[in-house]
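Got your viewer open? Let's take a walk through this one together, one selection at a time.

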There are 2 protein chains.
Amino acid sequence: MIVLGADGYIGWPMAMHLSRLGHRVVAVDNLARRAWDEEGGTESLVPIATMEQRVARWHELTGRTIAYEPFDLCDHDALDACIARWRPDAVIHFAEQRSAPFSMVDREHAVRTQANNIIGNLNLLFSIQAHVPTCHLIKLGSMGEYGAPNIDIEEGYITIEHNGRSDRLPFPKVPHSFYHLSKVADSQNIHFACRIWGLRATDLNQGVVYGCETEDTHLHPDLMTRFDYDSIWGTALNRFCVQAATGQPLTVYGKGGQTRGYLDIRDTMACITLTLDNPPDEGECRVFNQFTEQFSLNQLAELVTEARRQHGQETSVVHLPNPRVEAEEHYYNAKHTRLLDLGLQPHYLGNTLVDSLITLVARHTDRVDPVLLERPSVTWRAGGNEVWRQYARPERRSELASATAELVGRATRVTPAPPAGADGIHPAPAVAAS
Amino acid sequence: MIVLGADGYIGWPMAMHLSRLGHRVVAVDNLARRAWDEEGGTESLVPIATMEQRVARWHELTGRTIAYEPFDLCDHDALDACIARWRPDAVIHFAEQRSAPFSMVDREHAVRTQANNIIGNLNLLFSIQAHVPTCHLIKLGSMGEYGAPNIDIEEGYITIEHNGRSDRLPFPKVPHSFYHLSKVADSQNIHFACRIWGLRATDLNQGVVYGCETEDTHLHPDLMTRFDYDSIWGTALNRFCVQAATGQPLTVYGKGGQTRGYLDIRDTMACITLTLDNPPDEGECRVFNQFTEQFSLNQLAELVTEARRQHGQETSVVHLPNPRVEAEEHYYNAKHTRLLDLGLQPHYLGNTLVDSLITLVARHTDRVDPVLLERPSVTWRAGGNEVWRQYARPERRSELASATAELVGRATRVTPAPPAGADGIHPAPAVAAS
């Protein structure tokens with residue numbers, strides 16, 4: 001079992017969860033997320049250990065081994081060698097740039113996001129086809145791929161009746177950002193690979209995840225996962241919790257009717273485990289909408305306000321100009337029954353949970369940067385603004401852009417000819433059963 | 001007016017057509033198509049002049065000037081300088097890798113196709129936003145983006161009634177290849193740029209184009225455009241014409257029920273001119289299906305057979321195993337009324353036209369390579385086969401892969417800081433009116 005992007009917010013808890021369940025886990029990450037923090041001057045509110053410390057602590061506390069392999073999916077040779085060596089039954093793919101605002105900073109960030117995500121995912125599809133065509137690919141997509149249509153959002157596909165005929169087709173997508181567009185492209189590429197090569201995949205359109213505590217992260221501070229509150233990497237709910245913990249007004253962008261799907265990080269663990277235990281058929285590209293509840297920003301602000309009220313504290317809410325271009329009052333009803341059908345028992349977001357999130361935050365308020373908390377640093381119409389420019393480190397950005405170029409270079413590099421005796425200089429990938 | 005990809009099969013006739021109409025035409029191309037021919041050992045059946053010869057001959061014969069600028073769209077600095085210098089009212093974007101089989105050769109070709117097309121198009125969107133936000137982007141897409149759904153294909157958008165509600169959404173796409181997938185990603189990125197920045201675009205989902213002769217190409221052999229018959233770059237109709245001219249059986253892949261939209265190259269000229277003359281509103285991403293007739297492969301083979309019969313010649317048809325993964329008998333009804341509504345007067349494919357195509361081919365039969373004519377070199381399940389390996393030049397491929405890497409490098413390179421006095425080191429793009 002390979003977890004790609006195992007240093008990330010969900011990737012690390014997932015690696016531990018699967019290890020606890022007895023899977024042999026290979027944890028792959030190039031630590032890009034930490035580099036992007038350095039670039040943009042942001043930081044997890046909860047301190048996180050290095051990958052080396054994490055896997056060592058995990059082994060010490062549980063006796064279980066997680067094999068950490070540092071490489072980038074855009075480096076096809078490294079990825080291909082990893083897949084060929086471990087021959088996984090399943091690959092769980094979190095290894096993408098996952099921030100909408102980061103993708104909207106400027107042209108270079110949009111290109112970097114789409115090149116990184118689309119090429120990495122393409123490389124993975126070809127490696128699976130070549131070495132383990134029956135492997136189950138579990139890919140993390142996003143509910144933000146769909147946008148906010150005026151009809152019910154189905155799980156990946158919709159049966160359309162039109163002029164007296166009918167077909168079941170991919171649900172039309174109107175994504176929210178260049179980041180979400182990269183995931184739409186991934187979904188399309190995966191769907192194609194299943195149709196053409198007979199691969200089997202589950203595309204999980206995940207909602208906004210909250211919480212840091214799983215049965216594994218709370219074992220030791222070295223096993224904690226990140227908590228982001230800034231406007232690039234954080235979520236509105238996380239920001240509200242930090243604002244509540246520090247006595248600031250909650251800042252809602254725009255009218256606050258923006259409604260999305262949400263889920264507890266423990267439910268992410270359960271959803272992916274259920275997905276693993278119930279693989280799709282060969283050639284099937286299955287799509288689940290992975291969230292448990294819908295909230296508008298105003299509803300989240302009210303939940304936080306109510307949680308504080310129970311401690312006798314008053315919380316105010318202010319509305320700021322919306323840095324994004326999005327509907328602020330809209331219909332939203334997304335289906336999410338397929339994981340429930342597999343047996344998911346959701347944890348719901350309530351006052352108690354909000355309270356425990358605020359308690360977690362309160363232990364680290366000395367690490368809060370008030371500017372990053374209060375001011376959006378990227379707008380959808382004009383890109384990175386003065387806050388972005390104040391915090392961003394151009395020399396770090398330059399290094400990262402070069403690194404991307406180099407990795408994309410590797411992605412388009414010609415593989416050396418096989419040794420004499422092989423049947424050709426451009427080996428065709430193995431044919432998948434289909 | 002800028003024509004991107006002006007050295008290509010349609011790009012070159014388009015540049016001349018617009019020049020004839022009195023537009024100031026800037027013709028951009030990095031000659032990638034010629035390099036890919038060298039890489040794969042393929043060649044236009046009709047000899048074509050260099051871009052320098054073409055623009056010189058055009059000037060000599062008409063007194064009109066086409067400014068040729070050689071650069072790659074993945075080189076953002078070059079593209080941005082060109083857009084900033086010429087400040088075009090319209091950009092016509094043909095500058096993409098446009099072969100489905102080429103994108104299916106192997107991983108590197110899939111990655112090269114998607115990186116080249118998606119990044120080039122993203123760079124263009126950002127340059128238009130920065131310098132000419134009211135410019136009309138005319139982007140060549142493909143009918144192959146839709147696939148072959150069991151419902152009528154609408155022009156870009158479909159109104160879906162679902163559970164008592166209704167929305168007009170992008171038509172769901174099930175594309176035929178990694179190449180077509182790159183165009184789907186482009187369409188999504190363009191749609192987003194129109195929504196967010198208020199750009200105006202027309203996405204032309206073009207059918208299969210046939211014919212080489214426009215009122216300009218026939219003026220002089222140096223002004224001819226290419227004719228491809230091999231299995232990577234050619235179309236089935238072109239292959240049939242060459243087979244007819246050389247007395248070979250027509251080779252239909254699979255059952256032959258594969259139905260697509262087709263149009264005459266003169267209608268392409270007319271469609272794009274009509275599109276230019278009737279621009280969309282600000283913020284509008286308009287989609288036209290650009291073709292005039294539908295044919296199955298069997299119907300095309302019958303047209304060719306009938307044209308030969310009128311010259312007293314018998315033609316046989318053989319069915320070969322299909323190298324592609326696609327439905328071979330399917331419903332297909334794609335709408336294409338919007339260009340007709342603007343005034344398009346189609347040229348229809350009939351015996352006479354097939355006859356003139358065969359006559360054109362007959363002048364060059366000494367240049368036909370029988371292996372490239374008869375044998376597909378790429379299959380959808382296993383990539384480039386022994387024919388591909390026989391013709392492909394690995395050293396050329398290696399150079400091209402390196403060039404791609406370098407250009408993607410430029411695409412993700414950080415632009416130097418502006419001179420002192422500017423307001424920041426990461427200039428935000430100009431805000432488009434929206």
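Leaving aside its neighbours within four places in sequence, which residues is A:Ile10 in contact with? Select A:Ile10 and look around: you should find A:Phe94, A:Gln206, A:Val209, A:Thr268 and A:Met269. Keep in mind as you go that you are looking at a predicted model.

**Stop 1: around A:Ile10**

A:Ile10 sits in the loop between strand 1 (2-4) and helix 1 (11-20) of chain A. Is this residue buried or exposed? With a relative accessibility of 9%, A:Ile10 counts as buried, because the cut-off for that label is anything under 20%. Now add A:Phe288 to your selection. A:Ile10 and A:Phe288 are 278 residues apart in sequence, while their C-alpha atoms are 17 Å apart in space.

**Stop 2: step back to all of chain A**

Zoom out and show chain A as a cartoon. You can trace 15 helices and 16 strands in chain A. The radius of gyration of chain A is 22 Å, close to the 22 Å that the globule rule gives for 434 residues, so this chain is as compact as a globular protein of that length. Along its principal axes, the C-alpha trace of chain A spans about 75 × 60 × 45 Å.

How much of chain A is tucked away? Of its 434 residues, 64% count as buried. Turn on the surface next: the accessible surface of chain A comes to about 14800 Å², and carbon and sulfur atoms make up 50% of that. Now think about contacts. Among the contacts in chain A with a separation of 6 or more, 80% are between residues 24 or more positions apart.

Try colouring by charge as well. Chain A carries 40 positive and 54 negative charges, and the mean positions of the two sets are 2 Å apart.

**Stop 3: A:Leu31 and helix 2**

Go to A:Leu31, in the loop between strand 2 (25-28) and helix 2 (32-40) of chain A. Check its backbone angles: A:Leu31 has a positive phi of about 65°, although this residue is not a glycine. At 28% relative accessibility, A:Leu31 counts as partly exposed.

Now slide along into helix 2 of chain A, which is mostly covered: seven of its nine residues are buried. Which ones are they? Select A:Ala32, A:Arg33, A:Ala35, A:Trp36, A:Asp37, A:Glu39 and A:Gly40, and you have the buried residues of helix 2. While you have a helix on screen, here is a handy bit of background: an α-helix has 3.6 residues a turn, so residues three or four places apart point the same way. Just after helix 2 of chain A, pause at A:Gly41, where phi is positive at about 70°.

**Stop 4: A:Gly383**

Next, select A:Gly383, which lies in strand 16 (residues 383-384) of chain A. A:Gly383 is buried, with a relative accessibility of 5%. What does A:Gly383 touch, leaving aside neighbours within four places in sequence? Its contacts are A:Met104, A:Val105, A:Ser377 and A:Val378. For another view, draw a distance line to A:Ile358: the C-alpha atoms of A:Gly383 and A:Ile358 are 31 Å apart, with their positions 25 residues apart along the chain.

**Stop 5: over to chain B**

Switch to chain B and find B:Gln243, in helix 8 (residues 236-245). How covered is B:Gln243? Its relative accessible area is 0%, which makes B:Gln243 buried. Not counting residues up to four places away in sequence, B:Gln243 touches B:Gln248, B:Pro249, B:Leu250, B:Thr251, B:Leu373 and B:Glu374. Add B:Ser316 too: B:Gln243 and B:Ser316 are 73 residues apart along the chain, and their C-alpha atoms are separated by 9.9 Å.

Then hop to B:Arg87, in the loop between helix 4 (76-86) and strand 4 (90-93) of chain B. B:Arg87 is a residue other than glycine with a positive phi, near 40°.

**Stop 6: the cysteines**

A disulfide is a covalent bond between the sulfur atoms of two cysteines. How many disulfides does a search of the whole structure find? The search finds zero over all chains. Select B:Cys82 to see one case: the nearest cysteine sulfur, that of B:Cys135, is 11 Å away. B:Cys82 is also buried, at 1% relative accessibility.

Finish at B:Cys194, where the closest cysteine sulfur belongs to B:Cys285. Why is there no bond here? The two sulfur atoms are 4.5 Å apart, which is too far for one. B:Cys194 is buried too, with a relative accessible area of 2%.

Definitions and conventions
Residues are numbered from 1 along each chain as its sequence is written. Chains are lettered from A and ligands numbered from 1 in the order in which they are written. This is a predicted model: local features need pLDDT of at least 70, side-chain atom pairs count only at pLDDT 80 or more; totals for chains, interfaces and linings use all residues. Side-chain values use heavy atoms; hydrogens and water are left out. Helices (H or I, at least four residues) and strands (E, at least two) are DSSP runs, numbered from the N terminus. The radius of gyration is taken over C-alpha atoms; the globule rule is 2.2 Å times the number of residues to the power 0.38. Buried means under 20% relative accessible area, exposed over 50%, partly exposed in between (1.4 Å probe, protein chains only). Contact means heavy atoms within 4.5 Å. Accessible areas come from the Shrake-Rupley method with a 1.4 Å probe; for residues, only the protein chains shown count as cover. Lys and Arg count as positive and Asp and Glu as negative; His and the chain ends are not counted. The place of a charge is taken as NZ of Lys, CZ of Arg, CG of Asp or CD of Glu. A disulfide is a pair of cysteine sulfur atoms within 2.5 Å.
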